[in-house]
Amino acid sequence: MTKNKNYSPAIILVLLAALVSVSWLYVIEKDSSAKERNNTENVSAVGSEGNSNSEQHFAWKMVTSWPKNFPGLGTAPEHFAQAVEAMSDGRLTIRVYGAGEIVPAMEVFSAVSQGTAEMGHSGAYYWKGKIPSSPFFTAVPFGLTAIEQNGWLYYGGGLELWREVYEPFNLIPLAGGNTGVQMAGWFNKEINSLEDLKGLKMRIPGLGGEVFSRAGGTAVTMPGGELYTSLQTGLIDATEWVAPYNDMALGLHEVAKYYYYPGWHEPGPSLELVINKDAFATLPKDLQTIVEIAARYANQDMLDEYTARNSSSLIDLEKNYDTKIMKLPDDVIRELKSISEEYLEELAGQDELTAKVYKSWKAYADSVRDYHHISEQAYINARDLE
Ligand code: CA
């Protein structure tokens, strides 16, 4: 074989490769400029009727109530956005913003309602001043565990009710994660009786906060990002946040000595993904379905992550720090439970819609409790037998 014949195929391959690269770059550039064009079109098109052009690209903003990329709470919306982008082949991109980047943590609901952002990630119980029934969609003291809560939302009529409640605010809610059972919180003194809660100023939101106030404390709501300093400077005496994984990320173990369990006030809180209804209407049907399926994925994924990471963080806390991990005395639990039940009945009487939500929730809670008595609870008891 001659030299020429030896090199010819190689040269052809190089030339071919170069040609492919150039064409590919051209395709990418064409695609991204088309994306940019479409993004601009669609941002301004929010509020109008969408079309079903499958080539259309959408660029959304999502505001959240968490520090950017905060473990679990902040990474779940990022995982959701990544799933949507992958499943839609880049036709719907969602940029996630941390608390304070576009709006403060506690303005997520109104920002999405007004269309400042197309989506938000937060907790429904933060809006209880506006919507008395909203805490049922997050957590109720002595209420549902994560498994039970998901059962109610997806198969017990909870999600339909949630949609009905948010409808007047131009919002579509979806479950967007669950932390599992939380901890009762961080204190700088021992809690031996209900008397010890009296006069304490504690960060504890939702219905749990109301119960805490009725037990003689003062409940306040503030974003996670402010807890460390507030506890350190004595602005608050105690706080709950989530559980070991998140609480250690905030450094709460450095500013409080006693870490109490169980989280009677938040046994299986759901987070929420809210969507501006007009923005959702502009999406073609397949992208709407992708958003719903990705939310379902994010909802379960967060619970799985918390289950694994809370366990490993607890080992770290026990091994490497002086934190006293304590169980709330049964008498304190009994009294808080009695206050909770009384308060829920009272809350249900506030308006027709809250009564409707409470009725659905209560019927489900009673039945699943009977079932879990002989399943989850019975199994965990059996496993612990010595
Ligand atoms: Ca909490």
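Biologist: In what order do the five strands of the open sheet stand?
Modeller: This is a predicted model. Its open sheet has five strands, and their pairing is mixed. Reading across, the order is E2-E1-E3-E10-E4.

Biologist: Which strands stand at the edges of this sheet?
Modeller: An edge strand here has a single partner strand. One side of it is therefore left without a neighbour in the sheet. That describes strand E2 (92-97) and strand E4 (171-178).

Biologist: By how many degrees are neighbouring strands of this sheet turned against each other on average?
Modeller: Direction is ignored for this value. The average turn between neighbouring strands is 25°.

Biologist: Do E1 and E2 pair in the parallel or the antiparallel sense?
Modeller: Strands of a sheet pair through backbone hydrogen bonds, and both senses occur. Strand E1 (residues 58-64) is joined to E2 over six bridges. In E2, Leu92 is the bridge partner of Phe58. The sense of the E1 and E2 pairing is parallel.

Biologist: Is Trp60 buried or exposed?
Modeller: Trp60 is found in strand E1. A residue counts as buried if 20 or more other C-beta atoms lie within 10 Å of its own. Trp60 has 23 such atoms within 10 Å, so Trp60 is buried.

Biologist: How many Å apart in space are Trp60 and Met119?
Modeller: In sequence, they are 59 residues apart. Yet Trp60 touches Met119, and also Leu92, Ile94, Glu118 and Ala279. From C-alpha to C-alpha, Trp60 and Met119 are apart by 7.4 Å.

Biologist: How many residues of E4 are buried?
Modeller: E4 is an edge strand with a single partner strand. Even so, E4 is largely enclosed by the rest of the structure. The count of buried residues in E4 is eight of the eight.

Biologist: Which residue in E10 stands opposite Leu174?
Modeller: E4 and E10 run antiparallel. Six bridges join them. Opposite Leu174, in E10, stands Leu273.

Biologist: At about what angle does helix H10 run to E4?
Modeller: Helix H10 covers residues 285-320. H10 lies across E2, E4 and strand E10 (270-276). Its angle to E4 is about 30°.

Biologist: What term describes how H4 and H12 lie to each other?
Modeller: Helix H4 (residues 146-155) and helix H12 (residues 352-374) have axes that come within 11 Å. Those axes cross at roughly 135°. Angles over 145 degrees would count as roughly antiparallel, and 65 to 115 as roughly perpendicular. H4 and H12 are therefore oblique.

Biologist: Which residues of H12 make the contact with H4?
Modeller: H4 passes H12 in a right-handed crossing. H4 brings Glu148, Gly151 and Trp152 to the contact. By class, the residues on both helices divide into four nonpolar, two polar and one charged. Those from H12 are Trp361, Tyr364, Val368 and His372.

Biologist: How many nonpolar residues has the contact of H11 with H12?
Modeller: The axes of helix H11 (residues 330-348) and H12 come within 8 Å and cross at roughly 135°. That makes H11 oblique to H12. Leu344, Leu347 and Ala348 of H11 meet Thr354, Ala355 and Tyr358 of H12. One residue of this contact is polar and none is charged; the nonpolar count is five.

Biologist: What share of the residues of the protein chain count as buried?
Modeller: The chain has 13 helices and 11 strands. Its length is 386 residues. The share that count as buried is 43%.

Conventions. Residues are numbered from 1 along each chain as its sequence is written. This is a predicted model: local features need pLDDT of at least 70, side-chain atom pairs count only at pLDDT 80 or more; totals for chains, interfaces and linings use all residues. Axes are lines fitted to C-alpha atoms, for helices over the stretch in contact, and angles run from 0 to 180 degrees between N-to-C directions. Helices (H or I, at least four residues) and strands (E, at least two) are DSSP runs, numbered from the N terminus. Angles under 35 degrees count as roughly parallel, over 145 as roughly antiparallel, 65 to 115 as roughly perpendicular and the rest as oblique. A crossing is left-handed if the near helix is turned anticlockwise from the far one by less than a right angle, and right-handed if clockwise. Two residues are in contact if their C-beta atoms, placed from the backbone, lie within 7 Å. Ala, Val, Leu, Ile, Met, Phe, Trp, Tyr, Cys and Pro count as nonpolar, Asp, Glu, Lys and Arg as charged, and the others, Gly among them, as polar. Two strands pair if DSSP finds at least two bridges between them. A residue is buried if 20 or more other C-beta atoms lie within 10 Å of its own, exposed if 12 or fewer, and partly exposed in between; C-beta atoms are placed from the backbone. Lists of a residue's contacts leave out its neighbours within four places in sequence.
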